[in-house]
Amino acid sequence: MRFVWAVAAFVLAALMIGAGIAQRTVFQGPDTETAAVALEEDTPYVLVEGDVLNSRPGAQTLRAQSEGTIFAAYGRTADLEAWLSDTAYTRVTVDEEGALEAEQITPSLAVSEESGEESTPAPEESAAAVEGTEAEAPAADASTGDDAGAVDVRSPVGSDLWLDEFQQEDVLIAPLQLPEDMSVLVAADGVEPAPADITVSWPIANATPWAGPLIVAGGLMMAVGVFLYILAIRHLRRSRGPRRKGLPVPVTEPIDLAVEGKRKGVISASGRRALTGGRRRLIVVPAVAVSALLFAGCSSEAWPQFAPSPTPSPSASVIVPEGQQAPAVTEAQADRIWTRVAETVAAADETADEALAATRLDGAVLAARSTNYALRGAIGDYPAPAPLPAEPLTLVLPQAYDEWPRSIVGVVDDTDSNTSSIMMLTQQDQWSPYRLTYLASLEAATELPVVAPAYIGAIQPAPDSPFLLLPPAQLAEAYADILNSGEESQYFDLFDVASDQFRVSVAGDRQKRLDEFNQTGASTGELTFQAAPGAYDPLALATLESGAIVAVNIDEIDTVKPTNPDAVIKLENNPTVRTLSGAEQSSTGFTTTYTDQLFFYVPGQGSTEKIRLLGYASDILNAKVIP
C-alpha cells in the first residue's frame, strides 16, 4: 500500500509541476499588443497623437525603422502642432472603433508668394492604409507645402518645446508613458521623408499567479512521494523471507578479539546501513534540487499578489484658477533649457562671439554682454563677464500660457561663488529657443515670495494691471525716481528701502565719484547723475499672494561736461569710456550709461507689504560724446 501512495504522490507532483510550467510556457499568451501604421505619402514629419498612445491601457513603446538616423520627440500636442503649423506632416489618430488612421496635413500658416501675407487654409486630409484596417479613398490631394509658401528648413533636434527627444540609427525604440494631451513627433532630419515603418505596442496583462504555488507544491509533493517510497522499501526489506521456527542453534565458541590478524566472526556495522542511508540522501537531494530550480525560474508574475497597492501620500493642494492654461515647461524641461543657455553663453564668452551669444541671450543681458565683448577686444586685461552656473534650477515658475511669447522665472545657486541668481527666460515663438532676457544676483538673505508649483505655473499680469500695488509698466520709472530724488520721491513710501542695498550702493558710488571729480575739476566742469527707465519692457509673473515678480530695466546716465568754454574733458585714465566713445577728449563732454537689471516683488492692492527688491545687476552699456 505504501508503494501505491508513493506512486500517487509522484503522479500528483508531476501534474502540479507540469501545470505550473505550462502556465508559464505553452498556455501563456502574448505579452504585448502592437499596432502598426502604413504610410502611403512621404512627409518629413509624422505626428502620433496622444489618443493613439492611450487607445490601449498601459505604457507605450514606440518603434520606428528606416535607413539612417531616426529622430523622435514628445511634448504637449498643442506645442507640437504649433511647431508643425508651417509645414506638411502626417498625423496618426485613432477612430471610434479603435483602428489607427493616417492623414496628411497641409501647412496652416502658409505665406502667399505674391502678397507676402499669411493665410490659413483648411487642412486637406488623405487617408492612408493602416495595418489591420481598411484603407479609405483619399478625400483630396494634400499639398506638400512647396506651393504654399516655402519656409526655411530647420532641424527638429534640440527644440526647447520637446519634453524629451531620442536619436538612434536605423531602428529607434522609445519606451513612453504619456497622457492623452501629449504626442510624439517622428522624423529623419526635417528634409528627408520620415520613417514609414512605425509601430506602437502596449503590454498585455498575462500574469500567472498560480504557476509559482503549483510548482512549489509539486516539489513538496515529490518530496512526500520520495519519503513514502523509502518507507515502502524499508518495510519490504524487514518483512521479506519466511517466518518459521528453526532448529536450536548450537552454542558458538567465544571469539578472541585480541588475537591479531583474526577477523572471523567480526560483523561490520558500516556496510549495508551506511549504503542505505546514502541512497536515501541521494534520492531526496534530486527532488529538492528540482524544486529549487523551478522556484528560481519563477518571476513575481508567477505569484499571487496579496499586498495592497501603495497609496501616495497626499501633498499640499494648490487650487488652479479657473480657465488657467497649461504651464509653458516642466521642471526637467526648464533645467535642460538652462543648461543649454549656460553652455552656449560659456562658449560665446570664451571667444567673445556676439552672434553666438545672441542665440541664447536677449534684452538687457545681451546688451551688457555685447559691450563687454567690445571692451575685451580693445582692452587686453578687461575682465570677462561672470560665467552662468550650469547647475539645476532651485526654483522654476513657468508662465501658464498656450500662445507666445512665453516666460519663465528661475533661481539657480552657484556653488563655486556661494551666490544665487534670479533670471527671466523668454521664448518669442514656437520655433525660437528660450533666451535669457533678465539676470540678477539675489541680495543676501533675500526672502522670495511664495509661488505656485511648476506643474501649475503662473499667469502674466498685464503691464497696466490695476491689481498690483504698482503696475509693472510704472515700476522702472518709480524706482528711477527714488534713485534720483531719494526720500523726496513720491514713490518712496511704496518701497521697502530699509532692505534695499542696491539703492545704498548707488548713492555711495555716486558720492565717491563726485568727490574724486571735484578734487580736480570742480572749477572747470560738472558731473551729474540721472536714472531713467531702460529700453527693455518689464516682464512679470504672478505669485500665490496676489502679487508678482517683476523684472525691469533702468539706465543710469553719468554726464560730465565742462563749465568753462576753454576747458576740455580728457579721458587719459579712463580706457573704458575712451574705447566706447572712440574719443580721447571732448570740449562738450561725455555721457556714460550703465544698464541695471532689477527684480522686485510687487504685492497686490490692499496688501500691507511694500515693494521689495529681490536682486540686481549693473553693467556698463555705452559711452558717447555729447554733441
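The exercises below deal with two pockets and one threonine in a predicted model.

**Exercise 1.** Describe the largest pocket: its volume, its lining and the elements that supply the lining.

*Solution.* Step 1: the space in the largest pocket comes to about 740 Å³. Step 2: 23 residues line this pocket, and the closest to its centre are Phe 517, Val 560, Lys 570, Leu 571 and Asn 574. Step 3: two or more lining residues come from each of helix H10 (501–521), strand S18 (548–562), strand S19 (569–570), helix H11 (575–581) and strand S21 (590–602). H10 contributes the most, with 5 residues. Step 4: sorted by class, the lining holds 11 nonpolar, 7 polar and 5 charged residues.

**Exercise 2.** Do the same for the second largest pocket.

*Solution.* Step 1: its volume is about 520 Å³. Step 2: among the 23 residues that line the second largest pocket, Arg 369, Ala 386, Leu 439, Ala 617 and Asp 619 are the closest to its centre. Step 3: helix H8 (363–378) and the strands S14 (419–427), S15 (435–442) and S22 (612–625) each supply at least two lining residues. Step 4: the classes are 15 nonpolar, 5 polar and 3 charged.

**Exercise 3.** Locate Thr 43 and decide whether this residue is buried or exposed; then list its polar contacts.

*Solution.* Step 1: Thr 43 sits in the loop between strand S1 (32–38) and strand S2 (45–48). Step 2: its relative accessible area is 4%. Buried means under 20%, so Thr 43 is buried. Step 3: the Thr 43 side chain makes a polar contact of 2.8 Å with the side chain of Thr 90. A polar atom of the Thr 43 side chain also lies 2.9 Å from the backbone oxygen of Tyr 45.

Conventions: Residues numbered from 1 in each chain as written. Predicted model: local features only at pLDDT ≥ 70, side-chain atom pairs only at ≥ 80, totals over all residues. Heavy atoms only, no water. 1 Å grid on protein atoms, 1.4 Å probe; cavity = no way out; pocket = protein on both sides within 12 Å on 5 of 7 lines; lining within 4 Å. Points joined across faces, edges and corners; volume = space filled by probe spheres on them. Helix = DSSP H or I, 4+ residues; strand = E, 2+ residues; numbered from the N terminus. Nonpolar A, V, L, I, M, F, W, Y, C, P; charged D, E, K, R; others polar. Buried < 20%, exposed > 50% of the residue type's maximum accessible area, 1.4 Å probe, protein only. Polar contact = N/O pair within 3.5 Å; in protein donor to acceptor, adjacent residues only side chain to side chain.
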